[in-house]
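Trainee: I should like to work through the model shown here in a series of short questions. Please give the criterion with each term as it arises.

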Amino acid sequence: MTHVIIASQLDEDYNDVIRARLRTAHPEAQVIGVPVGVPSDLPPQANILLLRPINVRGYTAPDTPPPGWPYGAQWVHLVSSGIDFYPQWLFNGPPVTTSRGSAADNLAEFALAAIFAASKHLPDIWVKDSQWNFTPLRPLKGTTLGILGFGAIGERLAQKAHALGIKVVALRQSPTPFGIDGVEAARDIHDLFARADHLVLAAPLTEATRHIVDRDVLGSAKPGLHLINIARGGLVDQEALLEALDNGQIGLASLDVTEPEPLPDGHPLYTHPRVRLSPHTSAISTDSRNEIADTFLANLERYVLGVELVNLANG
């Protein structure tokens, strides 16, 4: 049987969850905590690496791997869904898998929470004194939700939106059918923006999608569109977004991601009256330990059995 020695950059409370769940199926397995950042000097016996994002908070990994890479690693598992937080050389060695789908429900719920907050004027309608003024609240039923990118997040979001009576129109690069009844396909990105009342960005960031939401696309938006970005800040031309917010083409932007992260102090997105900004937290939940463990351990069983891994980033 394949031996299992895991070098993990996760916090120890996350590692403890994995250790506890390994005791029954693989009691011989070990989880060894290692420093975050560019992996270097891994324990020589470790054959699996659990890796956290590297290119974050303004740090960029060197263009070349550290001496000795990949050490003894036969498989690298990323605790994130996206691959843009990692250097290219990481994908030129052992198989690399992602945690795609592990936080899909969290992200979908966050997007819906942003839609509810916008439609129901939360928290603005909370009262603090006896001066009560009634505010007409916009219903969600019958509105149209646009989704750019239709992976695990888009699927979960569409299912939840349909349960609320929201129409869903989506666009993705793949020609594969959406697989969910009632989801309409937009002709192109301009059609998507023109039809949506709320539009969620859930696409990966690649060279092809960088600044895909530019001045031209924003100009196609239904006036007053609510734009929600739970994917990557680099999908949006932020200067063009500020212009569209100022002229009213975009009525509200709920942004959980920006470029860069964090934005520098004084950036206009912090104080714009039509922007709701959160610190890239939509994927994180009180159950993230188990959500990450679920995805990793499911692939670990495949690794032990010698079966092809799923969610491959470089397969």
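Trainee: How many salt bridges does the structure hold?

Mentor: This is a predicted model, in which local features need pLDDT of at least 70 and side-chain atom pairs count only at pLDDT 80 or more, while totals for chains, interfaces and linings use all residues. Residues are numbered from 1 along each chain as its sequence is written, and side-chain values use heavy atoms, with hydrogens and water left out. A salt bridge is a side-chain nitrogen of Lys or Arg within 4 Å of a carboxyl oxygen of Asp or Glu. Under that criterion, the number of salt bridges in the structure is 14.

Trainee: By about how much of a helix are Arg19 and Asp16 separated?

Mentor: Arg19 and Asp16 form a salt bridge whose closest N and O atoms are 2.7 Å apart. Both belong to helix α1 (residues 12–25); helices (H or I, at least four residues) and strands (E, at least two) are DSSP runs numbered from the N terminus. Because they are three residues apart in α1, their separation is about one helical turn.

Trainee: Is Arg19 buried, partly exposed or exposed?

Mentor: Buried means under 20% relative accessible area, exposed means over 50%, and partly exposed lies in between (1.4 Å probe, protein chains only). Its partner Asp16, at 42% relative accessibility, is in the middle class. The value for Arg19 is 22%, so Arg19 counts as partly exposed.

Trainee: How many residues apart are Glu259 and Arg210 along the chain?

Mentor: Glu259 and Arg210 form a salt bridge, with 2.3 Å between the closest N and O atoms. The pair links distant parts of the chain, with Glu259 in the loop between β11 (250–255) and α7 (268–271) and Arg210 in the loop between β9 (198–201) and α5 (215–219), and the residues apart number 49.

Trainee: In which helix does the salt-bridge partner of Glu243 lie?

Mentor: The partner of Glu243 is Arg215, and their closest N and O atoms are 2.8 Å apart. This pair too links distant parts of the chain, 28 residues apart: Glu243 is in helix α6 (residues 238–246), and Arg215 is in helix α5.

Trainee: Which strands stand at the edges of the open sheet of five strands?

Mentor: Two strands pair if DSSP finds at least two bridges between them. The sheet has the order β2-β1-β3-β4-β5, with parallel pairing. An edge strand has a single partner strand, so one side is left without a neighbour in the sheet, and this holds for β2 (30–33) and β5 (96–97).

Trainee: Which residue of β2 stands opposite Ile5?

Mentor: Strand β1 (residues 5–8) pairs with β2 in the parallel sense over four bridges. Opposite Ile5 in β2 stands Gln30.

Trainee: Which residue in β11 is the bridge partner of Leu225?

Mentor: Strand β10 (residues 225–229) pairs with β11 in the parallel sense over five bridges. Five of the six residues of β11 are buried, so β11 is largely enclosed by the rest of the structure. Within β11, the bridge partner of Leu225 is Ile250.

Trainee: What kind of pair do the rings of Trp69 and Tyr71 make?

Mentor: Rings of Phe, Tyr and Trp (its six-membered ring) pair if their centres lie within 6.5 Å; planes under 30 degrees apart count as stacked, over 60 as edge-to-face and the rest as tilted. By this rule the count comes to five aromatic pairs. For Trp69 and Tyr71, the ring centres are 6.2 Å apart and the planes stand at 85°, so the pair is edge-to-face.

Trainee: Which residues form one aromatic cluster?

Mentor: One member, Trp69, counts as buried at 13% relative accessibility. Another member, Tyr71, is partly exposed at 24%. The cluster is formed by Trp69, Tyr71 and Trp89.

Trainee: About what area does the nonpolar surface patch with Leu137 have?

Mentor: Patches are made of residues with over 30% relative accessible area and no salt bridge; like charges are joined within 9 Å, and nonpolar side chains (Val, Leu, Ile, Met, Phe, Trp, Tyr) within 5 Å. Accessible areas come from the Shrake-Rupley method with a 1.4 Å probe, and for residues only the protein chains shown count as cover. Leu137, in the loop between α2 (104–119) and β6 (144–148), is partly exposed at 39%. Together, Leu122, Ile125, Trp126 and Leu137 make a nonpolar patch of about 360 Å².
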